[in-house]
Amino acid sequence: MDFERRLAEDRELVEHSLERYTRPHNGSCIQEDVFEAMRYSLLGGGKRLRAVLAMEFCHAFGKKRQDALPAACALEMVHAYSLIHDDLPCMDNDDLRRGKPTNHKVFGDALALLAGDGLLTLAFETLSGGEAQELLGASRCIELVRILSQAAGEYGMLGGQVADVQAGGGKMTREQHAEMVAMKTGALIRASVHCGCVAGDASAEETASALRYAEQIGTAFQITDDLLDVCGDPALMGKNTGSDARENKITFVTMLGFEQAKRQADLLFSQAQEEISALFGAESFLMDLTVWLAGRRQ
């Protein structure tokens, strides 16, 4: 199966499961508006990178991709929650996401806030539910809950967001900026790979190598986002560019300059390919995925 077809198949599996997980149990209900708001931001858009990483690392270590599907969906729920909250007026105040109005532009600030809360809560219900336990057993589900909790919390994505908000247009050292990115962007990508390792019964040595890969692509992914905010095509990206400059944000571009930032991303993607080659050989879906990420334009 070629890369594009396999990627499309993974995404279809995830979309179908996310639609099922977010369907109201009893049809019409008094809180149906929050389901609509949750599904608006969760379904039918995005690269599904975090879900794909979880499923494909699970598969690369010899298990079925579907074994990691609850974890993959939980990761996407947490990611979608973070985007809803990031877009709010009190945060980044964005009005476009994935080519359509942001959640609060459609549903209002209060319901957008609650939709994000709902997705975060549903992620842990999904990870600890009967379907996940049937696939992986209770002990591995507990480990997945721990991994995602840490990645999403004050030492992970939430902590990175706090550092970003508090920095505002102020000064930040390269070390502080790297730490912020490792939490805000890198933690959830690392968790995606880690969940795949747990679902795939990877050894401690294999997991350590996989997590080095995750750290490399996590940073490289954020550098690419920063570069695309400067030179990307809004039509391809589905959101407005130039927002970092308008908000006076500290980015890899402002820290390093455009060309040096690009060289750093290229180096990290090259190191990530070496890590994947050592784990799975030069020819694998995960190698193709890494090359695809290195060349993305959206």
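Is arginine 48 buried or exposed? At 3% relative accessibility, arginine 48 counts as buried. The legends below describe close-up views of a predicted model.

**View 1. Arginine 48 in the loop between α2 and α3.** Arginine 48 belongs to the loop that lies between helix α2 and helix α3 (49–60). Its phi is positive, about 60°, although arginine 48 is not a glycine. The residue counts as buried because its relative accessibility, 3%, is under the cut-off of 20%.

**View 2. Asparagine 93 in the loop between α4 and β1.** A positive phi also appears at asparagine 93, a residue other than glycine, with a value near 55°. Asparagine 93 is placed in the loop between α4 (69–87) and β1 (96–97). With a relative accessible area of 45%, asparagine 93 is partly exposed.

**View 3. The contact of helix α2 with helix α6.** Two packed helices are described by the angle between their axes and the distance between the axes. Helix α2 spans residues 32–42 and helix α6 spans residues 109–128; their axes come within 9 Å and cross at roughly 75°. The two helices are therefore roughly perpendicular to each other. From α2, the contact involves Asp33, Val34, Ala37, Met38 and Leu42, while α6 contributes Leu111, Leu114, Ala115, Gly118, Leu119 and Leu122. Of the residues in this contact of α2 with α6, nine are nonpolar, one is polar and one is charged.

**View 4. The contact of helix α4 with helix α6.** The axes of α4 and α6 come within 8 Å, and the crossing angle is roughly 165°. α4 and α6 are therefore roughly antiparallel to each other. The crossing in which α4 passes α6 is left-handed. On the α4 side, the contact is made by Pro70, Ala71, Ala74, Met77, Val78, Ala80, Tyr81, Ile84 and His85. The residues of α6 that take part include Ala112, Leu113, Asp117, Leu120, Ala123, Thr126 and Leu127. The residues of this contact of α4 with α6 divide into 16 nonpolar, three polar and one charged.

**View 5. Threonine 126 and its surroundings.** Threonine 126 is part of helix α6. With a relative accessible area of 6%, threonine 126 is buried. When neighbours within four places in sequence are left aside, the residues in contact with threonine 126 are Tyr21, Pro70, Met77 and Ala132. Pro70 and Met77 also appear among the α4 residues that make the contact with α6.

**View 6. The contact of helix α1 with helix α3.** Helix α1 (residues 3–21) packs with α3 at an angle of about 110°, and their axes are 10 Å apart. That angle makes α1 roughly perpendicular to α3. The crossing of these two helices, α1 and α3, is right-handed. In α1, the residues Arg6, Leu7, Asp10, Leu13 and Val14 meet Ala51, Val52, Met55, Glu56 and His59 of α3. By type, the residues of the contact of α1 with α3 comprise six nonpolar, one polar and three charged.

**View 7. Cysteine 58 and cysteine 195.** The count of disulfides comes to zero. Cysteine 58 is in no disulfide, and the nearest cysteine sulfur, that of cysteine 197, is 9.4 Å away. Cysteine 58 has 0% relative accessibility and counts as buried. Cysteine 195 is likewise in no disulfide; its nearest cysteine sulfur belongs to cysteine 197, at 9.2 Å. Cysteine 195 is buried, with a relative accessible area of 1%. Neither distance falls within the 2.5 Å that a disulfide requires.

**View 8. The buried residues of helix α16.** Helix α16 covers residues 285–294, and its buried residues include Phe285, Leu286, Met287, Leu289, Thr290 and Leu293. The helices against which the buried residues of α16 pack are α1, α3, α11 and α15 (258–280).

**View 9. Alanine 208 in helix α11.** Helix α11 covers residues 204–231, and alanine 208 is found in this helix. At 35% relative accessibility, alanine 208 counts as partly exposed. Alanine 208 and glutamine 260 are 52 residues apart along the chain, and their C-alpha atoms are separated by 28 Å.

Note on methods: Residues are numbered from 1 along each chain as its sequence is written. This is a predicted model: local features need pLDDT of at least 70, side-chain atom pairs count only at pLDDT 80 or more; totals for chains, interfaces and linings use all residues. Side-chain values use heavy atoms; hydrogens and water are left out. Axes are lines fitted to C-alpha atoms, for helices over the stretch in contact, and angles run from 0 to 180 degrees between N-to-C directions. Helices (H or I, at least four residues) and strands (E, at least two) are DSSP runs, numbered from the N terminus. Angles under 35 degrees count as roughly parallel, over 145 as roughly antiparallel, 65 to 115 as roughly perpendicular and the rest as oblique. Contact means heavy atoms within 4.5 Å. Ala, Val, Leu, Ile, Met, Phe, Trp, Tyr, Cys and Pro count as nonpolar, Asp, Glu, Lys and Arg as charged, and the others, Gly among them, as polar. Buried means under 20% relative accessible area, exposed over 50%, partly exposed in between (1.4 Å probe, protein chains only). A crossing is left-handed if the near helix is turned anticlockwise from the far one by less than a right angle, and right-handed if clockwise.
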